[in-house]
Structures are given as structure tokens and as C-alpha cells.
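Colleague: I would like to request a close look at the salt bridges of this model. Please explain the terms as they arise.

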Amino acid sequence: MKFTCIYKIIISIVITLLTLTSLTYAAGYPVPEPKPVKGDTLVGAYYFPGWSQEDRWYCLAANDAVQHPLLGYYREGNPEAADWHIKWALEHGVGFFSFDFYTEAGSQFIETALDDGFLKAKYIDKFKFCLNWCNHAPAEMMTAKELERFGDLVIKKYLAHPSYLKIDGKPVLFILSGYSFVKNLGIEGAKKEFEKFEQRCKDAGLKGLYLVSCEGYIMGEDNLKDGFAAGIDTFCLYNYPYAGTKVTGPGKHEEASYADLVDQGTGLWTHWNNLCKGAFWPTVMPGWDRRPWCKDADLLRTGSTPALFEKSLKSAREHANKDKVVMIEAWNEWGEGSVLEPSVEWKFGYLDKVRSVFAPKTGSHKDADPKSMGLPLPDFDLRFPNTDTWKFDYNADGWHGANTSTISVEGGVLSFTALNGDPQINSPISYLKCSLYPKVRIRMRVEAPADTGDKSIGQIFWSTIKQGLSESASEKFEVILDGNWHEYTINLRNNPMWNGTMDQFRLDPLDVSDAKIIIDEIRFLKAK
């Protein structure tokens with residue numbers, strides 16, 4: 001009898017759970033409600049909003065040597081994708097995202113993730129966000145007018161939002177290289193404009209402004225004093241991938257260990273904390289791998305693991321100031337391999353370390369993975385473009401020029417004039433397996449100035465998913481300048497750089513200026 005009663009109770013519970021689940025999914029919203037955890041430190045992650053278009057993911061999806069998002073190649077700007085991010089962040093102790101925000105001269109761009117995704121997400125009321133104004137313009141562009149235009153865009157729309165992050169009741173605003181205003185306007189000038197901005201916040205019903213200058217390099221002590229005198233509340237770093245190396249930026253392939261980056265971070269935080277008298281927020285990097293964007297032309301930090309990341313998090317926790325804020329760069333810098341968001345390769349490995357370091361008393365948990373739960377993903381169904389022939393029957397088919405006049409298409413041909421001795425036309429993205437295409441054929445004619453001569457030299461270049469354009473990845477061919485149609489077939493098979501998967505092609509049709517180039521067709525020839 002007791003067994004029968006227990007059995008009935010279990011069946012009742014199962015039916016109830018199934019009913020609730022079916023109601024949730026029947027309502028058309030598959031993201032389970034977040035179960036936030038809290039620790040003694042406010043953890044924020046920078047959010048790069050660059051994934052709203054399908055083709056933005058191609059460089060990542062084509063490269064199997066890098067990390068890939070567990071959520072799939074999501075449609076940034078889809079509220080469901082935003083809610084998965086919110087859920088995962090909250091359940092691992094990440095309390096807010098600082099959205100990279102782009103504007104220039106009063107314009108606003110790359111805002112889809114925030115405007116159409118997060119601000120329309122079901123769970124945005126449980127989460128916090130703020131802006132990181134990525135003013136990449138030169139310091140001289142950081143004027144009073146530019147700050148005024150920025151205020152026009154953000155104060156009412158974002159800073160006054162109920163989910164906007166506040167410290168001491170004041171909205172937090174990151175400005176990438178905020179010291180540029182001090183450099184450009186002087187201490188008093190910058191102070192005046194920052195105070196104007198803060199007054200505009202107060203006029204909008206806010207308590208003021210908490211200004212964070214997000215810098216990218218070591219500044220002198222005098223510069224920092226000037227920044228504080230102008231009204232900056234605290235400093236932080238966006239990232240520091242090249243610290244301790246001789247590399248200063250993209251250009252060529254170099255490697256350094258992630259373990260060294262962990263040590264470099266601790267050294268930087270100690271240095272900045274001393275300079276800033278504690279008014280500094282440490283930033284932790286999960287890694288650095290820009291192969292999706294830069295291929296073989298940047299520094300690669302090797303050996304990143306969740307265990308080493310945990311070591312860096314613990315150090316950052318010790319360096320947190322009275323605000324008790326630690327930043328992570330970034331949630332989703334997939335193109336730079338600095339990623340906290342769950343990946344196919346590491347699952348929740350990095351996020352779990354955030355939870356264990358900053359919310360250690362919350363105990364074990366089970367991560368919600370939409371794939372394992374059998375739920376639909378808010379992602380693109382990526383289909384790589386693989387065009388091998390361009391006929392220019394209706395338009396330029398995505399080709400664009402450099403050192404050329406405006407490209408025109410008429411009568412089934414593409415034509416332009418060389419503005420100097422190095423005209424170039426570049427193909428759209430197209431992924432072709434090199435082994436299947438040993439040759440390329442170009443049907444072209446050239447109308448050259450009379451004193452140019454009878455012949456010239458053309459050259460083709462290509463990049464692959466792992467290597468950029470280079471002289472070694474090219475082939476030259478002779479071009480006839482008689483104004484008649486000629487077919488040029490270039491053998492690619494014997495070039496050792498013609499391997500893997502090509503993703504872009506460049507044609508330098510000749511090496512003389514003022515010639516008119518007319519192209520009827522470009523075709524990669526399949527192996528027979």
C-alpha cells in the first residue's frame with residue numbers, strides 16, 4: 001500500500017513537471033528562467049556586438065583550429081540569444097555586460113545586439129548592462145561637441161534604463177581612452193564638459209555619473225592625476241594581449257604563452273593600482289587568438305585553459321578595490337579568441353571558474369545547454385558561399401577595386417581604369433578547396449595608352465582560411481595590351497601556397513597606369 005502511494009506521488013510530480021515544461025515551450029519561449037548566483041564581487045564582461053550578420057561568422061566557422069560558440073552562430077539581435085547569454089552569465093556570477101558602443105559625429109552603429117536583442121529580452125529586468133564608448137577616433141576628435149552628441153544618443157535611451165548599471169546610484173559609463181578628452185581639452189576643459197554631461201544625467205532624473213576611463217596601455221602618473229582632476233572616477237584596461245612581448249599589434253605571426261599573460265595581468269594590476277591609489281578595476285583575459293580575423297598575422301597566446309584562467313581570476317579578486325568590480329575581456333570576442341561565453345570546445349569550463357571563484361558558496365549546479373536539452377537554437381544555418389565563376393552579367397558580383405576608377409558593369413563585362421601602376425580588384429568571400437581547382441582562367445582585354453608598349457605583367461593573389469595575402473601566395477602572368485580579347489589560364493597547382501581552402505582572391509590585371517581594363521569572366525577551373 002505504501003509503495004502504491006509513493007508511486008502515485010512520483011507519477012503526479014512527473015506529470016506536473018511535464019505540464020509546466022510543455023506550457024513553457026508551448027508559449028514559444030524555450031529559454032528557462034535564470035537562477036542568479038551572488039558573490040562578494042561584481043563581475044562584468046565586455047560584450048562585442050559584431051555578430052548580427054551571417055557573413056560575420058564565416059571566418060570563425062571555416063577555421064577548425066579556433067573556438068566556436070556553443071549556442072551556434074547566433075543571430076545577435078534575437079532576444080532568445082540574448083536571454084541565453086543573460087541566463088548563463090547570471091548563473092555563473094557575471095552581473096553585467098559592458099557593451100562596446102560605436103558612434104561618430106552623432107551617428108550610431110553596430111547597435112543591433114543591444115537594441116534589438118538585450119533591451120527586448122524577456123529577462124533583461126534581472127540583468128545589468130552599461131556602455132563602453134569605443135571612441136577609436138584620434139584624440140583631437142574628442143571634442144566638447146562630440147561628447148554632447150554622445151549624450152544626445154545615450155542618456156535617455158540607455159543610461160536612464162531601469163537595468164542600467166549604477167554605482168552609488170550613478171550610471172556607470174566606460175569611455176575607451178577617456179583620457180583623450182583630457183589630452184585634447186586640457187584638465188579644466190575636460191572637467192567642464194564632464195560636468196555638463198553629468199548635469200544632463202541629473203536633469204534626466206539620475207543621480208549623476210560614474211566615469212570609467214578604459215585604457216589600453218600604461219599611462220604616466222601625471223596623466224592619471226590629470227584624469228582624476230578632470231573628473232574620471234576610476235581607470236581600467238580593456239585588454240593587454242601584447243604585454244611582456246615585443247609585439248605591438250597585428251603584422252606577423254608570433255607566439256607567447258597564456259601562462260605568461262596571466263602573470264603579466266597580475267603585474268599590470270599591481271602597477272595600475274599603485275598609480276591610481278586604488279581607483280582601478282582589474283581586467284582578466286580568457287585568451288588571445290586572432291586567427292579568425294588576422295589569420296597568420298598576429299600574436300597567438302598558446303595554452304589557455306580553465307585552470308590557468310581560474311588562477312588569473314583569483315589574482316584579480318585580490319586586486320579588486322573598494323568598488324569590488326572585476327572585468328573580463330570579453331564575453332564574446334570570438335574573432336580575437338578572448339571568450340568567456342560557452343564554446344563547443346570548452347563547454348562551460350571558463351564560466352564555471354568564474355562561479356567557483358566569485359560565488360564559491362553556491363555549490364554544484366547543472367548548466368543549461370539548449371543542444372543537450374533538445375531546444376531550438378537562435379542561430380543562422382550557415383552555408384558558405386562557394387562561387388567559382390563570375391560572369392558580370394548584371395552587376396559586379398561583389399567585386400570591388402583599389403587604385404581604380406569606379407567599377408562599372410554594362411553589356412556583361414566589368415570595366416574600370418587603372419589610376420596608377422597597381423590597380424587591384426578583390427573578390428567577395430568565396431570558399432573553394434584548392435585541391436579541386438588547379439587553374440584559374442580570366443577573359444580580359446586592355447585598352448592601354450599608346451606609349452605603354454605591347455605587354456604588361458598581371459598578378460593574382462589569394463588568401464586562405466589560415467593565411468593572409470602575401471607575395472608567396474601569388475602567380476604572375478603576361479598580359480597583352482592590344483585591345484583585343486584574350487584568355488589567360490594561370491596554373492596554381494604547383495604553388496605550395498595553393499592549399500587548404502581559399503577564401504578570397506585578388507586580381508592585379510597589369511602594372512601600368514591609365515589603362516582601361518575590361519573583364520568578361522573569371523573562372524576557377526575544376527580538376528578533371
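Modeller: A residue is called exposed when its relative accessible area is over 50%, buried when that value is under 20%, and partly exposed in between. The model is predicted, and every value that follows was computed from it. By the relevant rule, a side-chain nitrogen of Lys or Arg must lie within 4 Å of a carboxyl oxygen of Asp or Glu; the count comes to 27 salt bridges. Side chains of opposite charge can pair when their charged atoms come close.

Consider the pair formed by Asp116 and Lys120, whose side chains meet in a salt bridge at 3.7 Å, N to O. Lys120 has a relative accessible area of 56%, and is therefore exposed. Asp116, with 32%, is partly exposed.

Beside Asp116 in the numbering stands Asp115, which forms a salt bridge with Lys157 at 2.7 Å, N to O. This pair links distant parts of the chain: Asp115 belongs to helix α4 (residues 112-117) and Lys157 to helix α5 (residues 144-159), 42 residues apart. Asp115 has a relative accessibility of 15%, so it counts as buried, whereas Lys157, at 38%, counts as partly exposed.

A further pair joins Asp508 and Arg506, with 2.9 Å from N to O. Here Asp508 counts as buried because its relative accessibility is 6%, and Arg506 counts as buried because its value is 14%.

Finally, salt bridges can also be linked to one another in this model: Lys391, Arg441, Glu521 and Arg523 are connected in a network of them.

Notes. Residues numbered from 1 in each chain as written. Predicted model: local features only at pLDDT ≥ 70, side-chain atom pairs only at ≥ 80, totals over all residues. Heavy atoms only, no water. Helix = DSSP H or I, 4+ residues; strand = E, 2+ residues; numbered from the N terminus. Buried < 20%, exposed > 50% of the residue type's maximum accessible area, 1.4 Å probe, protein only.
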